[in-house]
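Trainee: I would like to learn how to read helix packing and sheet topology in a model, one feature at a time. Could we go through a case together?

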Amino acid sequence: MKKVLLVGDGARENALAEALGSSEEGYVVYSLSSYRNPGINEVVGKTGGRYFIGDINSVEEVRRVIKEVNPDFGVIGPEDPLFHGIADEFRKEGIPVVGPNSEGAMIEKSKVWMRELMWKYSIPGRLRFKYFNTIEEAAKFILEYGGSVAVKPAEQVGGKGVKVVADIQAYLSDEKRRAITTSVGSIANLVKGDVKILIEEKVDGPEYTLHVLTDGKSYLPLPLAQDNKNAYEDGIGPETGGMGAISGPGYLLPFIDQEEFTRSYEIVKITAEAIEREVKQSYIGILSGQMMLTSIWGPTIIEYYARFGDPEASAIIPRIKSDFGKILELLATGHLSRAKVEVDERPSVVKAIAPLGYPLDKNKASNHRIWLDLPKIREMGCKVYFGSVALEGNSLLTKGSRAVEIVAIEDDYGRAVEKVDKCFSLISSDTKLLFRHDIGRTIDQQIEKAQIVRYSYKRREARGILGISADWSPNGGLW
Amino acid sequence: MTGILGVYAFDKVWNVSKFLYYGLIGLQHRGYSYSGISTLGDRGFSKASASLPPEDLPLPDMKGWSGIAYTGYDKVYPYVTEEGALVIDGVIKADIGEFSRELYRDPERAIGEAEGVFSLIFLSKDGVMVGYRDELGIKPLEIGGFGFDLAILSSEASGIAVVGGELKREIEPGEMVYIDTYSISYKRLKDSRPHKYCSIDILYQSRIDSHVFNLDIYDIRVKVGEQLYEEKKVDGDVVIGVPDTAIPYAIGYSRRSGIPFSLGFTRTGSTIRTMLASDDFIKVIGVQLKLNPIKSAVRGKRVILIDDSMVTGRTLKNTVFSLRSLGAKEVHVLIASPKIVARCPYGIPIPDERELIASNLPDKEILKIIDADSIYWLSLEGLFKAIGHNYLCTGCMTKSFPKRWW
């Protein structure tokens, strides 16, 4: 029997573990996580594998576990192990793995690297950008171009909040300046490299994610999903990894059409090819475009993930009717061309449940007990994936981030949302739980938002100026 | 008439005072004879207020990561104590100091027990913001967001949009919203159906770019204009609306009738609202300040003049007079609301019955006073038809009030 080693510990890895554990290939699932995730633990137990607890970012640790398990292939869930060269280590040991080497993972780690790549290879959906080494330079540029800019850290900083300072009327410039200085200051402290601050032209429109599987030779797109980043009800409040996602029907979303899907796929695909040319290594894993439908380009890249998004994974993987565990093995071993993806036409809704305090105060959100009536939830037809929650003795303890994700797949969004919300009522805790009721209920607003930008980018396209934009200021000149 | 606003930052690095200041200007069409702002910072509450519209309020040098604001006529607000700051749109049968203390102790109970018709925003010294929309839906309240940084409560979306925020939704009638650093939660405190949206807010008070009471205000007003034509077909050469509120009515009437729409007036100074102005001097002078007729648009023409409402009739008399003095051949007056015949017990400053022309005089007499060639008011059924339902408070038109709180 084939053995697979899964690295990671969140709800995304729970969904991956489930796909591997239920494969017809009968994989024995081994896991390396930083705590005992009850969902992954269940799969590991059922398949007769073993659960290793340790540092998922440590090359030595991973090497030790690989030696002990001697897996047939590996799957790496989160981005941090990729940045730390964990995929490189698998390959050094001769083990095929889902996940790019650290050089390929630069596409996620460094936004400057990503933007430069897109411009160098003239990839559609690229935004104008500038980067700065000091706060002063960045601030000067921002004040020069009072128009719309988005300020971002140049490097991935472990999910720390990124403040996009929206463009507001000129008379608010004073307030804006103060807010930027503070956010720039807090970002700069988190970034180690020389390039600290990335400034991009700001765009608006509905967001969506496209995941593409690749073994460096062939490409397989997965159905679209949409993540929801604000922590609190109605899409208000601080940035999180994502409080919920929707996917479907079919490969699309109700507000993204087939042509836009095709273009998005092209963009991600040629980016994967460009990475390969740039780092002279195959990109083997998942490349996911965090995209936005904008008036400048239509499908536009906001950032790239070198792995599955979480909670997008929980919305997409359960909709795949073919043997997804097997597909992961084909990907790792370079036989993706043999894989076929069959998708449940019906849409899915996933919502995350997080303890009060998330995402601003990790201590406040940690070490709370959480109870769920798992048999009842499953009986109602919802799936549960465990995230930042540890099995300690017989109780579940929160670890400070999104604890549980609930998924429902139904004939329409209305029914799926209702089911998820009902299942949520079967979860309780000794603290207040964050849960967004609005996710999955704003489809009409998304459709309207998409239609508005569609008028503009179609007009640009008709006039042959798709993707062309500029800013000018008397002192700074043309940008 | 009142606009209320609350701005809440999830990170205390923000200073929201200018968001409040500019957001409040976005609400000043709701009433402006008095305005004020209160912010919460490290050293408790600060407050700035004056008997001036928000745009003339001396730009306060205030700091605070959260705050509330008021524009209207009641000098009590923002009501600030050590424990909290409060703004109310509407009327409440309670001692405001006692109510504020109760809100601090237990907002759910305080609102649950309070008698009246009100929407409110309360900010406690501990950094909790509570919003509530009256259970009949007479008063509006909406919620929006600004990036990952702010939550904004506002009577209308214009208070959110002006500072670059995004409207998320209307607070439901009877719903309380509770905002602190770590969460936003909602709770339905009272359920009173059918809802009774304020007709005057829809026809007159709300800004034409607003989406409130589940309605796009501009579209509704154009429809009311179309409905007016269905009810009263006047043979004329030009349709003119009294700026700014009545312009969409005139557009609707023109569209349906095929009679050209024209701008009959231009404005001097800012948008002084004559219906809101409190003393007679302003009422008389007000119309001249507000409207200067454009001669070439009306000379030798049979003018169909549309206004949003008629309270005392004095404004309209002046308007008709100036149209005639510039050479209008005929002036036919259409009023885009049913007759206003009663005082509003819920805080819209409509004068007493004895001051309302429509409750004192028959049409024939009014026509004589206004000196128009004909006059017509939108029917109540026409109002329901244009809006698409009758979940409306029409107390000032019918003397039938949805709630007796006094």
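Trainee: At roughly what angle do the axes of helix H6 and helix H7 of chain B cross, and within what distance do they come?

Mentor: Bear in mind that this is a predicted model. Here the axes of H6 (residues 217-231) and H7 (residues 247-257) of chain B come within 7 Å and cross at roughly 50 degrees. Angles from 35 up to 65 degrees fall in the oblique class, and H6(B) and H7(B) are therefore oblique to each other. The hand of a crossing is read separately from its angle, and for H6(B) and H7(B) the crossing is right-handed.

Trainee: Which residues of H6(B) and H7(B) make that contact, and how do they divide by class?

Mentor: On the H6(B) side the contact includes B:Tyr218, B:Val222, B:Leu228 and B:Tyr229, and on the H7(B) side B:Pro248, B:Ile251 and B:Tyr253 are among the residues involved. Charged residues take part as well, including B:Arg221 and B:Glu226 of H6(B) and B:Arg255 and B:Arg256 of H7(B). The residues of this contact divide into ten nonpolar, three polar and five charged.

Trainee: How does H6(B) pack with helix H13 of chain B, in angle, axis distance and hand?

Mentor: With H13 (residues 380-387) of chain B, H6(B) packs at an angle of about 135 degrees, the axes being 9 Å apart. Since roughly antiparallel is reserved for angles over 145 degrees, that angle makes H6(B) oblique to H13(B). H6(B) passes H13(B) in a right-handed crossing. The contact is made by B:Ile220, B:Lys223, B:Val224, B:Gln227 and B:Glu231 of H6(B), together with B:Gly382, B:Lys385, B:Ala386 and B:Ile387 of H13(B). By class, these residues divide into four nonpolar, two polar and three charged.

Trainee: In chain A, are helices H1 and H2 roughly parallel or roughly antiparallel?

Mentor: The axes of H1 (residues 11-21) and H2 (residues 38-47) of chain A come within 8 Å and cross at roughly 20 degrees. Angles under 35 degrees count as roughly parallel, so H1(A) is roughly parallel to H2(A). H1(A) passes H2(A) in a left-handed crossing. From H1(A) the contact draws on A:Glu13, A:Asn14, A:Ala17, A:Glu18 and A:Gly21, and from H2(A) on A:Gly39, A:Ile40, A:Val43, A:Lys46 and A:Thr47. The contact of H1(A) with H2(A) has three nonpolar, four polar and three charged residues.

Trainee: Turning to sheets, what is the strand order of the open sheet of four strands in chain A, and which strands are its edges?

Mentor: To read a sheet, follow the order in which strands pair and then look at the ends of that order. In chain A, four strands form an open sheet in the order S20-S21-S18-S23, with antiparallel pairing. Its edge strands are S20 (389-392) and S23 (427-429), each of which pairs on one side only. From one strand to the next, the twist averages 40 degrees.

Trainee: How many bridges join S20(A) to S21(A), and how many pair S18(A) with S21(A)?

Mentor: Four bridges join S20(A) to S21(A), which run antiparallel, and A:Val389 stands opposite A:Thr398 in S21(A). The hairpin of S20(A) and S21(A) has two residues between the strands, and in this hairpin A:Gly393 takes a positive phi near 65 degrees. S18 (residues 366-372) and S21 (residues 395-399) of chain A pair in the antiparallel sense over three bridges. Within that pairing, A:Ser366 stands opposite A:Lys399, while the bridge partner of A:Arg369 is A:Leu397.

Trainee: What is the order of the open sheet of six strands in chain B, and which helix lies across S5, S6, S7 and S8?

Mentor: The order is S5-S6-S7-S8-S12-S13, with antiparallel pairing, and the edge strands are S5 (79-80) and S13 (183-188) of chain B. S6 (residues 84-92) and S7 (residues 116-124) of chain B pair over nine bridges, and B:Gly84 has B:Ser124 in S7(B) as its bridge partner. Helix H2 (residues 96-105) of chain B lies across S5, S6, S7 and S8 (129-132), running at about 120 degrees to S6(B).

Trainee: What confidence scores go with the model, and where in chain B is the pLDDT below 50?

Mentor: The model scores ipTM 0.84 and pTM 0.88. Chain B averages a pLDDT of 91, with 94% of the residues scoring at least 70. Over residues 281-286 of chain B the pLDDT is below 50, and this stretch has nine contacts in the model beyond near neighbours in sequence.

Methods. Residues numbered from 1 in each chain as written. Chains lettered and ligands numbered in written order. Predicted model: local features only at pLDDT ≥ 70, side-chain atom pairs only at ≥ 80, totals over all residues. Axes fitted to C-alpha atoms, helices over the stretch in contact; angles between N-to-C directions. Parallel < 35°, antiparallel > 145°, perpendicular 65-115°, else oblique. Left-handed = near helix turned anticlockwise from the far one by under 90°. Contact = placed C-beta atoms within 7 Å. Nonpolar A, V, L, I, M, F, W, Y, C, P; charged D, E, K, R; others polar. pLDDT = per-residue confidence, 0-100. Pairing = 2+ DSSP bridges.
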